[in-house]
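Please look through the model shown below, and then follow the text as it moves from charged pairs to the nonpolar interior.

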Amino acid sequence: KLILASAGCLAATNAFTTTSTTTRQSSSLNVFSTPGSAGTGEGWIDPSSPVNSAESLKKTLDESLKGSTFQKRISILGSTGSIGTQTLDIVDACPDNFVVDALSAGNNAALMAEQVMKYRPRVASLATPEAAAELKSILEGQGCDDMPEIVHGADGIVEAATVSTADTVVTGIVGAAGLLPTIEAIKLGKDIALANKETLISGGPVINPLVEKYGVNMLPADSEHSAIFQCLQGVPPGGLRRVILTASGGAFRDLTKDELFEMCETDPRAVQKKATTHPNWDMGAKITLDSATMMNKGLEVIEAHYLFGAAYDDIDIVIHPQSIVHSMVETQDTSCIAQLGWADMRLPIVYSVSWPHRLSMPYRPLDLAEIGSLTFKAPDREKYPCIQLAYDAGKKGGTMTAVLNAANEAANEMFREDVGLGFLDIPKLIEGAMEAHKDDFKDKDVSLDDILQCDAWARQYVAENTKNVVKNDVLVV
């Protein structure tokens, strides 16, 4: 057993604590008797990933027995970004297993042209007509003899996601733009290698019913959720008791709450610089700041709820500074199963596109002796109020998680743009948006339009309230 300190998931009462609970209902994907640490099944839902049921266990076994000589045809949304380029690295390492049928990206026509010449997709999509025209010109200049269909804009992304020959769509695209193409791909029965957080954090109420209706596999491509997914392979129905997400702790993990709050008061410039510098590795500015506020982990709690079906009271967070244990599950007998590995995004990506197979990859093996020691501690929810806000939004459900996500993105961006927003103002703005959304909150028959409208409204709320929030007192949950 790997014994960890409890991450302490008791919720503090505030404006968003909900008294309603959802009891897991019977369905073809539900053979639970007493799931969860409380053994009642309250708050559990049908998972979008293929776990926790007799049907998914049989599906996994049947697919595994086919062997690793499989071939998948993939569409990559966000092919010139980090997820996309690393997915193509995997294609290069396993050319017999993967064929690229479609690529979509932003405005990097030059890199897209290189990818088209190398992988020969049927569809290539860029963000604007100008970028699409540039791509066509580059390909013609290079004598491309197998020209793809070149498309652009939101419709182009959908076309890439729904290309008829692809069976798996890698959603490496950022933001709410990933929702519609994912939905359309699901409707065509395509599996989703999920790297777009908004798909479930904002769109979970829409996405999960579609996954069940069309019988597709939602396969996580980020490290924490891939770790949980891998740990659940072979766990029988009803065997999952608790999900444990690990977190690096971000830029302020070595400061106490009082030290952080004092630093925010006396030296906000130093806070701003530190908040956008990760202690372990170089990441994008947005996710580095989310790590500093620990909203990234709060968002992952919501995503874990939709992916694995666990109730929010059965999802914990633990700080693990070494970032070697990528997450864990606890089974009913209190055994903990953990997935370990170097911090390499290719590992979760390769499993998302090859599941349930284990391909031979040319990566550096893990060396526990080199690591030496692994440490864990519970997060301080007063120091990191964004964690509690995420739990509260998740328990409220419906459109509240879309508001949480959009308000966070907007506040995160404004902090980085140096408009005078303080580090502790980020959760104030998010909490304000959640409070203001109460009157328009919707948790029944939520549609994609509802999600997108809430996303746009929350961003506007943050933009309009930034000047006011900086005058408020420090938020302590």
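**Charged pairs, a buried asparagine and the nonpolar cores**

Lys 118 is exposed, its relative accessible area being 53%, and this residue belongs to a model that is predicted. Its side chain meets that of Asp 92 in a salt bridge, with a distance of 3.1 Å from N to O. Because Asp 92 lies in helix α2 (residues 82-93) and Lys 118 in helix α3 (residues 109-119), the pair ties together parts that are 26 residues apart in sequence. Asp 92, for its part, counts as partly exposed, at 34% relative accessibility.

This pair belongs to a wider set, for the structure holds 24 salt bridges. Another of them is formed by Arg 241 with Glu 330, where the closest N and O atoms are 2.6 Å apart. Here distant parts of the chain are linked, since Arg 241 sits in strand β8 (residues 240-247) and Glu 330 in strand β10 (residues 325-331), 89 residues apart. Arg 241 has a relative accessible area of 22% and is therefore partly exposed, whereas Glu 330, at 7% relative accessibility, counts as buried; the boundary that separates the two descriptions is 20%, under which a residue is called buried.

A further salt bridge joins Glu 382 to Lys 257, with 2.8 Å between the closest N and O atoms. Distant parts of the chain are again linked, with Glu 382 in the loop between α15 (368-371) and α16 (385-396) and Lys 257 in helix α10 (residues 257-266), 125 residues apart. Glu 382 counts as partly exposed, at 33% relative accessibility. Elsewhere, salt bridges that share partners join Lys 197, Glu 224, Lys 297, Glu 300 and Glu 303 into one network.

From charged pairs we turn to a polar residue in a loop. Asn 217 is placed between α8 (204-214) and β7 (218-220), and, with a relative accessibility of 8%, Asn 217 counts as buried. Which residues does Asn 217 touch, not counting those up to four places away in sequence? They are Pro 50, Lys 59, Asp 191, Ile 192 and Trp 355. Lys 190 is 27 residues from Asn 217 in sequence, while their C-alpha atoms are 7.9 Å apart in space.

Nonpolar side chains appear at the surface as well as inside. Leu 340, Leu 366 and Leu 368 make a nonpolar surface patch of about 220 Å². Of these, Leu 340 has its place in strand β11 (residues 336-340), and at 32% relative accessibility Leu 340 counts as partly exposed.

In soluble globular proteins, nonpolar side chains tend to be buried together. In this model the largest nonpolar core has 99 residues, and those with the most contacts inside this core are Phe 252, Leu 404, Phe 423 and Ile 430. Helix α17 (residues 400-416) supplies the largest share of the core, 10 residues. The surroundings of Phe 423 can be listed in detail: leaving aside residues up to four places away in sequence, Phe 423 touches Phe 252, Leu 260, Cys 264, Val 271, Ala 275, Leu 289, Ala 292, Thr 293 and Phe 415. Apart from this largest core lies another, of 32 residues, which includes Ile 76, Leu 88, Ala 221 and Leu 359.

Methods:
Residues numbered from 1 in each chain as written. Predicted model: local features only at pLDDT ≥ 70, side-chain atom pairs only at ≥ 80, totals over all residues. Heavy atoms only, no water. Salt bridge = Lys/Arg side-chain N within 4 Å of Asp/Glu carboxyl O. Helix = DSSP H or I, 4+ residues; strand = E, 2+ residues; numbered from the N terminus. Buried < 20%, exposed > 50% of the residue type's maximum accessible area, 1.4 Å probe, protein only. Contact = heavy atoms within 4.5 Å. Patch = residues over 30% accessible without salt bridge, like charges linked within 9 Å, V, L, I, M, F, W, Y side chains within 5 Å. Areas by Shrake-Rupley, 256 points an atom, 1.4 Å probe, with all protein chains shown as cover. Core = buried A, V, L, I, M, F, W, Y, C linked by side-chain atoms within 4.5 Å.
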